[in-house]
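This report looks at charged side-chain contacts and at how accessible their partners are.

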Amino acid sequence: MATFIHETAIVSPSARISQDCYIGPFCTVGNEVSFGSAVRLDSHVVIDGKTTIGDNTHVFPFASIGLAPQDLKYAGEPTATEIGKRNQIREFVTIHRGTTGGGGLTKIGDDNLLMAQAHVAHDCQIGNNIIMANAATLAGHVEIADRANVGAYSGVHQFCRVGFEAFVGGYSVVVKDAPPFAIIQGNHAKCFGLNRVGMKRRGYSRETIDKLNHAYHLLLSSKLNTTQAIEKIHKEIADCKEVDLLVEFIETSKRGVVK
């Protein structure tokens, strides 16, 4: 199929639009925007700044991507937004470009679902296969690892990380790093241990689940501080890459970990 641009859309002649794209009614596409193949903008979408959107990404009505960040220090510096392939960006989602103080790039990977009214602030780094439910909100500089879920109406504080396959429940306020494989919920959020149901659904072995569950028991229920719990995990749990990932996540945390 040839690219379709509706007669009411405003598309800069400098924008780079690949084959098979669809740009619907009343969309606005700025000078430095670049689309891969088969990108679809339904209607009333605004995309501006130095923004790249990968193949087969679908943007629903009233989304806004690549506009200036909500940061009072931002003074129009040339920063960017990068969005990967096969993403679904639903109605009223907002994604802001980076700042020079945060590396200059807001980046979203592949195969993500951002539900209606979700917000991704400046300099966030979002992985692959992530779900952000309705009105989930990320402050600036947040990192979300692959296959994590952020529940509806939840907020993640600036500079926090959400670990691999972490599950943040709805209406949560996350002010520290949310560890991988865990259930995190509340205001302020607490960690409720391993997401055993999620791990079973994703095909992890019983041995891996048991080792991770033991690691979380040491972290949360053994009356050890975090340093002592990590030392005991090193001694008692071997040959499990998932536990190693958890330990590395905790050891590299700058904000502390939700417990």
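## Scope and criterion

A salt bridge is taken here as a side-chain nitrogen of Lys or Arg within 4 Å of a carboxyl oxygen of Asp or Glu. The model under discussion is predicted, and a search of the whole structure under this criterion returns 11 salt bridges.

## A network around E165

The side chains of E165 and R147 form one salt bridge, with an N to O distance of 2.9 Å. This pair links distant parts of the chain, since E165 sits in the loop between β24 (161-162) and β25 (167-168) while R147 sits in the loop between β21 (143-144) and β22 (149-150), 18 residues apart. E165 is buried, at a relative accessible area of 3%, whereas R147, at 28%, is partly exposed. Through salt bridges that share partners, R147, E165 and R202 are joined into one network.

## A pair between two strands

K107 and E82 also meet through their side chains in a salt bridge, at 3.9 Å from N to O. Because K107 belongs to strand β15 (residues 105-108) and E82 to strand β12 (residues 80-83), the pair ties together parts that are 25 residues apart in sequence. K107 counts as partly exposed, with 35% relative accessibility, and E82 likewise counts as partly exposed, with 33%.

## The pair D42 and R40

D42 forms a salt bridge with R40, and the closest N and O atoms are 2.7 Å apart. D42 has a relative accessible area of 15% and is therefore buried, the cut-off being under 20%, while R40, with 34%, is partly exposed.

Note on methods. Residues numbered from 1 in each chain as written. Predicted model: local features only at pLDDT ≥ 70, side-chain atom pairs only at ≥ 80, totals over all residues. Heavy atoms only, no water. Buried < 20%, exposed > 50% of the residue type's maximum accessible area, 1.4 Å probe, protein only. Helix = DSSP H or I, 4+ residues; strand = E, 2+ residues; numbered from the N terminus.
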